[in-house]
Amino acid sequence: MLRIEREKKKLVRRRVLLGGLLLLVLGAGGIVAYDRFVLQVGSQGVESVSQVKPAPKPSKLESKMLVMGDVYWGRYINDWSMKSDLKYAYPFSRLSEFERENYDAWINDMECPITDNPKVSSAVEDSTLTFDCDPAYLPEAKKWFTAMTLANNHTDNQGDAGLAETRQHLAANDIQYFGTPDPEDYDNLCDVIALPARVTMDDGAERQVKLPMVWCGYHGVFSTPSSESIQIMSRYGKRFNIVAMPHSGAEYKAEPDTIKTDLYRSLIDEGADVVIGDHPHWIQTSEAYKGKLIMYSLGNFIFDQQFNREVTRSAVLSMTVSVDAKDAPDLDKWIALGETCAKYQDDCLRQATDQELAKLPLRYHFTVLGSDDSGKLVHLASPELLTDIKSRLRWQQTISGLSGNNSGE
């Protein structure tokens, strides 16, 4: 009996000591977070104290993108490059002025097939307007560009074989692509693009992830895309956020005609969240339609046209998309899907459907930068030129009409 009493007293003393230590920690302002706090008491008293911290969870996802207009490194750009000591790096040598490190992704309109075919002289290319770009530029291009649209009137200039080779070269250089020069090629109009993004965890850490979004390219220079081709977006619209990049309209005009405005608005009607256009080689106006952004033409970004200010300046759209985890219960699943869709997995839509993923309620925020291609090298526009660019866009009027999850400055 006496031994049992002594053991009980020891157990009481241990509990008192443990309680005192806990009070001391708490009294000193320490914070102890427990998933489980387990006291296992055996015949010898407290045997173990264990704690398991919860795994950090995503709290916010964000991706900041820069979307620019026509890119081309054939014809006279190739001539200038070969005369330069920089060679294939020449066309991109001032892109650092756009602070690539501050963006997760850059997307552009690649207005040229990329093939190993023998090249003609610049004079012949100029007279025939049959483009062909050298793949030797791609190792430099991939340092800047994440994805490209191929939906324009030049990517088929080397025929179907040239278009297929273009896709092969881009894939080999880890540049994603979407769109097609044939607006009735329904299988290639839209693609799931896995865009680099950042996730802030609830413990404050940041992770690099991929955000799957659908990007659609529509070529409408020679004919207006059919309603059937536009409705392809509805295949994705229930699950994915969609950006459309059409290529159409009259060249060298400051404003779109009604055929073009009707087409671009129909893209919003059929599910696009944003519409970003090209082809005229000039900047054209923008507008808010149903609270969403339409850019009718960004203009030339990297191009060899030098004959006036209209063709050497362009609007560059900075677009930030974001979502909070509290508004997106499937955010973890979307992040996982982004990894599987990073290498052109055509079953991304099926995967999203099988998992019954809810479309992410992305917020879109837009700002406009300007580029200046005068002097043969694209660089950041001056403040004065940017003011003129925003005036052409009617930017203040446009952003005042944005609504819902869309905003601008």
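Buried, in these legends, means under 20% relative accessible area, exposed means over 50%, and partly exposed is what lies in between. The model in these close-ups is a predicted one.

**View 1. Cys112 and Cys133, joined by a disulfide.**
We start with one of the three disulfides in the structure. The sulfur atoms of Cys112 and Cys133 sit 2.3 Å apart, S to S. Turn about the S-S bond and you get 115°, a right-handed link between Cys112 and Cys133. Cys112 belongs to the loop between strand 4 (105-110) and helix 3 (122-128), while Cys133 belongs to the loop between helix 3 and helix 4 (138-141), so the bond ties together parts that are 21 residues apart in sequence. How accessible are the two ends? Cys112 has a relative accessible area of 0%, so it is buried. Cys133 also comes out buried, with a relative accessible area of 0%.

**View 2. The disulfide of Cys190 and Cys216.**
Here the sulfur atoms are 2.0 Å apart. The torsion about the S-S bond of Cys190 and Cys216 is about 110°, which makes this disulfide right-handed. The pair links distant parts of the chain: Cys190 is in strand 7 (residues 190-201) and Cys216 is in strand 8 (residues 206-220), 26 residues apart. Is Cys190 buried or exposed, and what about Cys216? Both Cys190 and Cys216 are buried.

**View 3. Cys341 and Cys348, linked through their sulfur atoms.**
In this disulfide the sulfur atoms of Cys341 and Cys348 are 1.9 Å apart. Which hand does the disulfide of Cys341 and Cys348 have? The torsion about its S-S bond is about -140°, so the disulfide is left-handed. Cys341 is buried, and Cys348 is buried too. With this view the disulfide tour is done: number the bonded cysteines of the chain in sequence order, and the pairing reads 1-2, 3-4, 5-6.

**View 4. Asp104 and Arg198 in a salt bridge.**
Now for charged side chains. Side chains of opposite charge can pair when their charged atoms come close. The count for this model is 20 salt bridges. In this one, the side chains of Asp104 and Arg198 meet at 2.9 Å, N to O. The salt bridge links distant parts of the chain, with Asp104 in the loop between helix 2 (75-83) and strand 4, and Arg198 in strand 7, 94 residues apart. Asp104 has 12% relative accessibility, so it counts as buried. Arg198, at 18% relative accessibility, counts as buried as well. Which residues share a network with Asp104 and Arg198? Lys60 and Glu62 do, and the four are linked by salt bridges.

**View 5. Glu140 and Lys143, a salt bridge between side chains.**
The N to O distance of this pair is 3.2 Å. Glu140 has a relative accessible area of 22%, so it falls in the partly exposed class. Lys143 has a relative accessible area of 51%, so it counts as exposed.

**View 6. Asp273 and Lys359 across a salt bridge.**
The closest N and O atoms of Asp273 and Lys359 are 3.9 Å apart, which still counts because the cut-off for a salt bridge is within 4 Å. The residues of the pair of Asp273 and Lys359 come from distant parts of the chain: Asp273 is in the loop between helix 8 (258-269) and strand 10 (274-276), and Lys359 is in the loop between helix 11 (348-354) and strand 15 (363-372), 86 residues apart. Asp273 is buried, at a relative accessible area of 7%. Lys359 is partly exposed, at a relative accessible area of 30%.

**View 7. Tyr252, a residue with positive phi.**
We leave side-chain contacts here and turn to the backbone. Most residues other than glycine have a negative phi. Tyr252 is not a glycine, yet its phi is near 60°. Where is Tyr252 found? Look in the loop between strand 9 (242-248) and helix 8. Tyr252 counts as partly exposed, with 31% relative accessibility.

**View 8. Lys290, with positive phi though not a glycine.**
The phi of Lys290 is about 55°. Lys290 sits in the loop between strand 11 (286-289) and strand 12 (292-295). Its relative accessibility is 60%, so Lys290 counts as exposed.

Definitions and conventions:
Residues are numbered from 1 along each chain as its sequence is written. This is a predicted model: local features need pLDDT of at least 70, side-chain atom pairs count only at pLDDT 80 or more; totals for chains, interfaces and linings use all residues. Side-chain values use heavy atoms; hydrogens and water are left out. A disulfide is a pair of cysteine sulfur atoms within 2.5 Å. Helices (H or I, at least four residues) and strands (E, at least two) are DSSP runs, numbered from the N terminus. Buried means under 20% relative accessible area, exposed over 50%, partly exposed in between (1.4 Å probe, protein chains only).
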